[in-house]
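I opened this structure today and kept notes as I went. Here is what I looked up, entry by entry.

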Amino acid sequence: MRKPLTAVLLALLLACSFLPAALAQEAPASLDITVPEEVWMSAAAWHDGQMVFSGSGIWAWRPGEDSLRPVISPLDEGWDSDALSFNVLVLADGETLYCLDYTKGMLFPMTLQEKGFTLGEGVSLDLSALASTSRFGDEEHSYVEAPQQALIHQGQLYLITQTHGPMQMSWSAMKFDIKTGGAPQKLSLDVSVRQLAPYKDGSLLALTLAEKQETAPEFSLAVLSPDTDSLTPLGAAGIPYEYEGGGLAYDPAGDYIYLSGKDTIYRRDAQGETLPCAYITPTNMGSGFSGMLSLLPSGRLLLARPQQLALRDGDPAGLPTGRLTIYGSYIDDTHKKTIQAMNGIPVNFLDRQYFATAQQLGQALVSGEDDIDIFFLRSDAIDLTSLMKKGYCLDLTDSAVLMAHTDSLYPAMKETGMLEGQLLMVPVEAEGQMMGYYSKPMEASGLTPPENFFQLCDFLQQWNDNLTEQASEFIPLQADNFSKTLLNLALSLFNDHYAARGEPMQFNDPLLKDMLARALSVDTRNISPKVDWSNPQEASAAVNSIYNRPNVITSHFSLDLRSLHHTLNRKGRGTTMGFEDGSTYELGHEYALPLSYKEGEPAVTPLRLTLMAINPRSKNLDAAKKYAETLVQNLPDTTLAMINPSMNAELVNPNYQRDLKTWQEALQRMAKSVETAEGAEKTELQRQYDESLESFETYKDDLRVRVSAQAIQYYRDRVENSYIKTWGGMDTLFNDEAIAKLLNRLLQGQMPLEQFLKEAEGKMRLMQLERE
Amino acid sequence: MFHRKKSLWLFLLPGLLGLMVFYVVPFLGGIYFSMTDGTISNRFVLFDNYKQVWGNAGFRLGLQNSLVLSLICAPVIFICAFILAVMLRALKEKSIGFRNVLLMPYLVPSAALLIVWMILFDYGGVINRAIVALGGQRVLWLDSGALRVPVVLLYIWKNIGFSVVIFSAALSSVPDALYEFAMLEGAGPFQRETKITLPLILPTAFLVFVLAWVNAFKIFKEVYFIGGAYPHDAVYTLQHYMNNMFAQLNYHHVTTAAYSFAVIVFVLFAALYASKGVRGLDR
């Protein structure tokens with residue numbers, strides 16, 4: 001009996017010895033929590049790794065929770081709005097929380113409860129240094145700038161402020177005694193301090209920035225002595241200059257300094273060596289220099305910044321290998337979700353790089369100079385076919401996820417990314433624009449919206465002949481030069497028709513000749529701007545007066561589903577055009593104006609696609625493929641519905657209740673403001689409130705649905721007669737400078753129409769000869 | 001000598017090395033590349049590209065136009081430069097200023113010259129005004145097949161100075177005594193130049209012709225600046241084809257077209273060079 005018992009005990013002992021490791025593995029390597037946009041004003045690390053946020057109220061987070069918990073809203077009964085403004089900063093000093101109302105210049109000790117807080121006795125601070133003014137029209141408004149950082153350390157409140165001067169922004173640091181308050185003591189430092197954090201021996205660690213004219217700005221570290229308010233340099237911070245980021249923390253256990261950048265947290269050891277120790281998801285807030293970096297009791301790093309609360313291990317040895325570099329896209333919610341699913345692999349967006357041609361991009365992909373792993377291209381911007389043919393795109397046919405995604409798309413969209421049965425580029429987004437018109441000016445004109453090119457010419461002719469005086473406040477068509485716009489429109493409508501049928505257009509077509517002849521015959525002298533260029537001042541005024549007039553027919557009716565949803569709803573007053581002088585003009589609702597090239601033919605809609613591909617020379621092929629697969633799974637339904645013809649049901653708003661509540665709260669805040677205001681201010685606030693309430697009543701039901709089935713159906717109807725615009729089609733020729741010159745010759749009467757068509761046909765024939 | 005003094009090779013090595021690295025190896029590499037499929041995996045396809053390129057009507061049109069342009073430009077430059085050089089010789093020391101003036105367009109970048117040229121040949125430009133004044137019709141010089149005229153004129157004007165300088169140098173080496181003797185014998189100016197000067201400077205004349213011809217074969221930027229990537233088909237040159245192929249990532253076709261051009265030039269000049277006169281052996 002003894003031996004089996006010993007074996008069982010040994011087995012248990014062994015199992016117990018592995019338990020901590022197993023538990024440790026259960027803790028996620030990295031954790032990202034979305035901080036709602038309305039939350040961010042400040043964050044404070046409190047005891048036991050808790051975080052308190054201020055923004056639209058107070059929010060809190062405890063380790064182990066996967067979202068932020070609302071504690072109190074400014075509209076709740078517990079929020080004493082007489083004592084406290086809506087915008088406050090939260091600060092922590094060990095176990096004590098503080099609340100800084102910088103608008104009113106008050107600092108309160110704060111006791112946080114599960115649902116609310118109580119304030120202790122506040123001290124008054126002289127924050128006149130933060131007062132600023134801004135001009136809106138003729139009125140000057142006073143306001144108080146929020147400090148960039150507030151920190152309580154050894155009974156002193158340190159503020160780092162950034163004030164906007166007439167020419168530049170200036171940074172300064174000041175401190176207050178939190179017991180007595182009163183006037184600040186300005187710190188006379190010869191460098192610009194951007195962040196402060198508690199450091200060893202009661203001192204403060206300062207991140208400073210030397211802005212050298214001749215070189216890029218450089219971060220340095222220094223020790224700020226609270227006794228002498230002097231800085232002792234520690235040396236270069238060793239991190240790149242980035243606008244975003246700026247969190248700073250000190251770990252006394254390891255004598256490490258942690259610094260956060262745009263997408264990386266760095267660790268600087270006692271020897272001054274700085275290494276990346278964690279990667280963070282970049283934000284798309286352009287949040288400036290902000291962020292709160294703190295160490296949890298477990299030794300893990302917690303970074304709080306706009307939109308994001310990130311929990312990371314701060315060990316350079318534990319960093320994931322590899323790094324994905326993306327060209328042609330920028331960080332958005334889809335990418336953020338994708339990055340968060342990539343187990344900490346850093347993702348770099350080449351947002352400052354631009355390759356204008358396939359040749360330039362091809363060179364970059366092959367040379368590996370920019371380490372591009374994944375690239376996004378627009379179908380009409382670059383020669384996709386050549387890139388695919390020449391092997392610059394990895395064959396993704398073996399990915400079941402990507403194939404399933406591509407199979408679900410419109411066949412024409414799918415074909416754009418395929419070559420000889422191989423999936424080389426994955427369509428991820430479609431966009432389209434068409435002509436539109438505004439209802440009120442159209443009704444006022446008494447004219448019928450045109451349906452084809454010839455009717456558009458007639459429309460302009462009638463306007464020119466009969467409406468120039470009567471409707472002088474409008475411009476009938478969005479154009480700098482009516483004749484030129486009509487010529488270009490004739491060419492593109494004619495081309496659209498053939499492109500939708502998959503046939504190349506011919507310039508020597510009698511109908512095209514008729515269209516161009518009609519465009520040239522439209523007399524636009526009365527509606528064309530009369531600008532005397534010999535007098536610059538008068539010319540400038542004349543040009544301004546032209547652009548200050550609303551267009552009846554526009555060229556930017558968007559086929560984006562969200563826009564369609566709003567446009568087709570046609571609720572409320574529609575579009576209001578505002579002018580520099582403060583006046584407004586009601587244009588009514590915008591309607592689509594699908595123009596065909598001739599009577600009896602349907603209008604054709606050109607669509608542009610965005611496609612994703614993987615560089616076959618990528619050093620991170622597996623990660624890149626996983627990223628691509630994750631991304632298509634995270635595409636928002638509003639984007640997917642535009643490329644997937646089977647998604648026809650209305651798209652509901654998952655945050656309907658939250659959005660409704662936010663809107664209602666905003667209205668309540670307005671109502672409160674109206675109650676407390678007096679005189680003229682009260683009248684103005686009441687007017688604003690009434691308008692907002694009307695808007696709420698009109699649109700509150702629309703909040704439930706993001707895209708209606710009607711909008712989706714409208715889009716589907718347009719796609720029925722559409723084609724994907726690709727580089728290398730006729731548009732390449734239209735964009736060629738030589739064709740533009742020919743058009744100008746035609747317009748200026750230097751070239752007869754027959755010769756224009758002959759010369760243009762010759763150019764097109766050359767293109768075709770090359771491609772044979 | 002090279003057998004006896006092996007150290008000579010050592011002195012030649014840096015130059016030879018440069019020649020190998022920058023000319024011979026890329027030349028041979030280019031031949032290999034012209035036989036690959038142009039994808040990033042560079043699969044060897046032997047002569048497929050040559051078949052495709054020679055079978056392409058765009059290539060053939062470009063080649064034909066380049067050939068026509070060169071056949072117009074090269075003889076004109078050759079003859080005009082020779083006449084100008086002979087005239088300058090008569091001026092003796094006073095010729096330097098004129099020679100420099102003739103050479104100036106060669107030194108000015110084409111883009112700068114083109115602006116002047118486009119103003120001259122524009123629809124409302126000086127040339128068309130002159131034509132109208134003479135009772136003619138305006139011509140669309142820059143946006144039709146007539147572009148060939150300004151291009152040829154520009155090319156000749158720009159490059160003639162260089163040929164004059166080479167001819168002048170060659171003419172200075174012809175002894176005056178030969179002309180004096182010929183004059184005593186009753187030879188006229190035409191006979192003197194054709195029977196004495198030309199045979200004596202034939203190798204230089206050959207060089208001038210070769211340079212003028214090869215350069216004229218490469219006429220491109222003048223047309224490209226005015227007519228873009230797809231000009232009128234009368235001025236669509238071989239380099240337009242190569243440039244457009246480059247933009248479409250068809251590098252293998254660019255290389256193939258370039259080597260095809262090189263072979264044509266090589267064969268033509270080999271045939272010319274076969275003549276003893278141009279090698280100077282008659283001297």
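**Chain B first**

I began with contacts in chain B: among those with a separation of 6 or more, 69% join residues 24 or more positions apart. Two residues are in contact if their C-beta atoms, placed from the backbone, lie within 7 Å. Before going on, I noted that this is a predicted model, where local features need pLDDT of at least 70, side-chain atom pairs count only at pLDDT 80 or more, and totals for chains, interfaces and linings use all residues. Residues are numbered from 1 along each chain as its sequence is written, while chains are lettered from A and ligands numbered from 1 in the order in which they are written.

I then looked up the secondary structure of chain B and found 13 helices and 0 strands. Helices (H or I, at least four residues) and strands (E, at least two) are DSSP runs, numbered from the N terminus. The C-alpha trace of chain B spans about 75 × 70 × 30 Å along its principal axes. Of its 283 residues, 31% count as buried. A residue is buried if 20 or more other C-beta atoms lie within 10 Å of its own, exposed if 12 or fewer, and partly exposed in between, with C-beta atoms placed from the backbone.

**Where the chains meet**

How many residues does each chain bring to the contact? I found 29 from chain A and 26 from chain B. On the chain A side, α3 (358-367), α4 (384-389), α19 (737-747) and α20 (753-771) give two or more residues each. The largest share, 8 residues, comes from α20(A).

**The cores**

Next I looked for nonpolar cores, meaning sets of buried Ala, Val, Leu, Ile, Met, Phe, Trp, Tyr and Cys residues joined through C-beta atoms within 7 Å. The largest has 154 residues, and A:Val426, A:Ala490, A:Ala628 and B:Ala81 touch the most other members. Helix α3 (residues 57-91) of chain B gives the most to this core, with 11 residues. The core also draws at least three residues from each of domain 3 (347-430 + 609-643) and domain 4 (432-607 + 722-771) of chain A; domain bounds come from an automatic or database domain assignment.

I followed B:Ala81 further: leaving out residues up to four places away in sequence, B:Ala81 touches B:Ile160, B:Ser163, B:Val164, B:Phe167 and B:Val208. A second, separate core of 80 residues includes A:Leu107, A:Leu151, A:Phe219 and A:Leu303.

**Two sheets in chain A**

A:Leu151 led me to a sheet, since its bridge partner in β14(A) is A:Tyr158. β13(A) and β14 (residues 156-164) run antiparallel and are joined by 5 bridges. Two strands pair if DSSP finds at least two bridges between them. The open, antiparallel sheet has 4 strands in the order β13-β14-β15-β16. Why is one side of β13 and of β16 left without a neighbour in the sheet? β13 (149-153) and β16 (181-186) stand at the edges with a single partner strand each, so one side of each stays free of a neighbour in the sheet.

I found another open, antiparallel sheet of 4 strands, in the order β2-β3-β4-β5 of chain A. Its edge strands, β2 (42-45) and β5 (69-72), each pair on one side only. Inside this sheet, 5 bridges join β3 (residues 51-55) to β4 (residues 57-61), and A:Val52 has A:Ala60 of β4(A) as its bridge partner.
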